[in-house]
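Student: I'm new to this one and would love a close look at a single part: the charged side chains. Walk me through them slowly, then show me what surrounds them.

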Amino acid sequence: MFEARLVQGNLLKKVLDAIKDLLNEASWDCADSGIQLQAMDNSHVSLVSVNLRAEGFDKYRCDRNIIMGMDLTSMSKILKCAANDDIITMKAQDNPDNVTFMFESPSQEKVSDYEMKLMNLDQEHLGIPETDYACVIKMPSGEFARICRDLSQFGESIVIACTKEGVRFSAAGDIGTANIKLAQTSSVDKEEDAVIIDMQEPVTLTFACRYLNMFTKATPLSPQVSLSMSPEVPLVVEYAIGEIGQIQYFLAPKIDDQDN
Amino acid sequence: MFEARLVQGNLLKKVLDAIKDLLNEASWDCADSGIQLQAMDNSHVSLVSVNLRAEGFDKYRCDRNIIMGMDLTSMSKILKCAANDDIITMKAQDNPDNVTFMFESPSQEKVSDYEMKLMNLDQEHLGIPETDYACVIKMPSGEFARICRDLSQFGESIVIACTKEGVRFSAAGDIGTANIKLAQTSSVDKEEDAVIIDMQEPVTLTFACRYLNMFTKATPLSPQVSLSMSPEVPLVVEYAIGEIGQIQYFLAPKIDDQDN
Amino acid sequence: MFEARLVQGNLLKKVLDAIKDLLNEASWDCADSGIQLQAMDNSHVSLVSVNLRAEGFDKYRCDRNIIMGMDLTSMSKILKCAANDDIITMKAQDNPDNVTFMFESPSQEKVSDYEMKLMNLDQEHLGIPETDYACVIKMPSGEFARICRDLSQFGESIVIACTKEGVRFSAAGDIGTANIKLAQTSSVDKEEDAVIIDMQEPVTLTFACRYLNMFTKATPLSPQVSLSMSPEVPLVVEYAIGEIGQIQYFLAPKIDDQDN
């Protein structure tokens, strides 16, 4: 028996919005400690990792570890039927063929249940090595989304250059060149609005716009995003999922541009 | 001479929005008692009936009964030119070739008139028998629209099952199955938000999503909708048109699914 | 050295929105007195004239007259990257190959610069004769935009007839005929909302909807528009650009319809 109840059900709606463009299908690993999803995106370039801790749910029970392979397009369609203030419960048997999503309105006068068939998906569990990053940039998630969107008009790649003073995002193409510089925030009034750089050594890396733009679909989850970079290792773009977990996107830097 | 003046002109705009997707053209029957429209939808599956009482208008004069056949796409384009707070007047001669719509801004500083040719349409006046329905469900119109929209993702039909405790809307298809249950409201604070069931005997009927979704275009007309059902007779979906009348949609249940 | 700094940078964003559908490319003439742009639209029917006075900028320097030919689609893409409250600075050398746009956030924590290649464009400087117009109509710009949009559903041309009492806009076509009459405002509470007519003699002229609708892209620049008309000369549609200048559109009347 698996059952996970989340009063703040719209967090789950936002998680699906944050992954459904990258992943057509994926396996949710449910264990005593919580729920995890890890998968390469459809074109096998980037990696998505979602972690939802058991303690974050309002009710959580997982008698046996189960793996639920889901069509994320269908799951997203089902979650779109939940209102933003609905309580969402996921339920499954121990060897499940189906998963049930139950949505309860706060007044309990509307209760919906949706049953979806599960899929058998190849499991490719990917070890993500713990790394100390040369730079970790915390910045407003809306600002990061806007920068990625603006620069993708100019070229297919974005260069991110981080120094103690700030971060510079650049792109170049037929229209011309574009540089956006963010200074590290000197005095922090509101932590969410601040740009904070934790740097061991300066790093300059180049990434594909297309993927960065897909990662920013997670923006509604959290007012802040963190970018972790080290030379020659994948960038990590991380958003908190309320108090219950986080979503991480991994993307390897472009090698050619890095030589410049 | 026919003349009908409506200070709350946006009601007429909303009536057109509620019928223009179902009907390309239709006849407006104008008589001393008011204005009526009755027509099968373009695919001859459902029936639409609009009733506007003479007393509901701010000025109403109809010397002789007239029938005005109109292209509803053109009529809708004309009404889109009226601002939401405009006063709308319809005018025609006794044997009219044309109808005139006049829009006056509340300040009277902007006055528009639009003249449209009338059409000769075949008349098929359809008698709608008075029926005592086994179940009459009153519910918030926005909730009904949302349920129809949500369930149409799952299949082409919606099963509506009404009992004393409440109503269940269901659909099934490739993605899975969906059930939405609304409990009868126990204590009514605000009548518009309540689900109220007036039941002689329980009824379960199946309807085509496509038409239910078109009926919900009338949602802006009224905060409440009523669904009247009896076995083997058409469902009636009814919305009030302010204080001046009502719009009713009739849709026969699907026979095959009903056997299940 | 050319440098023009505008604290109210969103005015420049709105100017581009007001011309980019009419003009693919155009030359900006920068001189000591300010910046001017004059060009026929892409189909060589109407004329656009933009005037930005040097005194209107928060900093303005132009050592030598320069002409900067720009791809307005690219320029518009760049200006879309400026936030509405950004300070915008344009910079170029004396014989420039490039122009630089710099956007500064009010807090100065985000600074962006965009460099764009300039183009060599044929110069066709068009003398616009000073004319005394028979009628000058001042009216709310939103009302003018709405009238042009509404009437373009009825036909390809709009007849504008101006008398001492007011203005009548008319169109006719397959759907029927449409007339919108605006009375001259008797007592003016708020100048922006008023319809004010300055008339030597009544004028009736016919214009192509398509162009009038493109001119109304300037609506966000100013709450008021002025229409200047005389028989057989082009209509002038003029919007103020904040305190710093104005944009004017010129459109010749249709001859055939005028004969009617």
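Tutor: Helices and strands here are DSSP runs numbered from the N terminus, with at least four residues for a helix (H or I) and at least two for a strand (E). This is a predicted model, where local features need pLDDT of at least 70, side-chain atom pairs count only at pLDDT 80 or more, and totals for chains, interfaces and linings use all residues. Residues are numbered from 1 along each chain as written, chains are lettered from A and ligands numbered from 1 in written order, and side-chain values use heavy atoms, leaving out hydrogens and water.

Let's start on chain A, at E191(A), in the loop between β13 (176-183) and β14 (196-199). E191(A) is exposed, at 53% relative accessible area; buried means under 20%, exposed over 50%, and partly exposed in between (1.4 Å probe, protein chains only). Together with D189(A), E192(A) and D193(A), E191(A) makes up a negative surface patch. A patch like this joins like charges within 9 Å, using residues with over 30% relative accessible area and no salt bridge.

That brings us to the paired charges. A salt bridge puts a side-chain nitrogen of Lys or Arg within 4 Å of a carboxyl oxygen of Asp or Glu, and the whole structure has 27 of them over all chains.

Chain C gives us two to compare. In one, K59(C) meets E3(C), with 3.5 Å from N to O. K59(C) sits in strand β5 (residues 59-62) and E3(C) in strand β1 (residues 2-6), so this pair ties together parts of chain C that are 56 residues apart in sequence. K59(C) is partly exposed, at 42% relative accessibility, while E3(C) is buried at 14%.

In the other, R5(C) and E104(C) meet at 2.7 Å, N to O. Here strand β1, holding R5(C), is linked to strand β8, holding E104(C), and the two residues are 99 apart in chain C. R5(C) counts as partly exposed at 22% relative accessibility, and E104(C) is buried at 8%.

Back in chain A, R146(A), R149(A) and D150(A) are joined into one network by salt bridges that share partners. Over in chain B, look at R149(B) and D150(B): they form a salt bridge whose closest N and O atoms are 3.8 Å apart. D150(B) is buried, with just 2% relative accessibility, whereas R149(B) is partly exposed at 49%.

Now for the surroundings. Chain B also has helix α1 (residues 10-19), which is mostly covered, with eight of its ten residues buried. Charged K13(B) is on that buried list, and so are L11(B), L12(B) and V15(B), among others.

Back on chain C, two loop residues are worth a glance. H44(C), between β3 (34-40) and β4 (47-53), has a positive phi near 55 degrees without being a glycine, and H44(C) is exposed at 52% relative accessible area. Q108(C), between β8 (98-104) and β9 (110-117), is another non-glycine with positive phi, near 65 degrees; Q108(C) is partly exposed at 39%.

Finally, how do the chains relate? A rotation of 120 degrees with 0.0 Å of shift along its axis superposes chain C on chain B, with an RMSD of 0.0 Å. That is the relation of a three-fold axis. The C-alpha of chain C nearest the axis belongs to P220(C), 17 Å away. These superpositions are least-squares fits on C-alpha atoms of residues with pLDDT of at least 70 in both copies.

Notes:
Patch = residues over 30% accessible without salt bridge, like charges linked within 9 Å, V, L, I, M, F, W, Y side chains within 5 Å. Areas by Shrake-Rupley, 256 points an atom, 1.4 Å probe, with all protein chains shown as cover. Charge placed at Lys NZ, Arg CZ, Asp CG, Glu CD.
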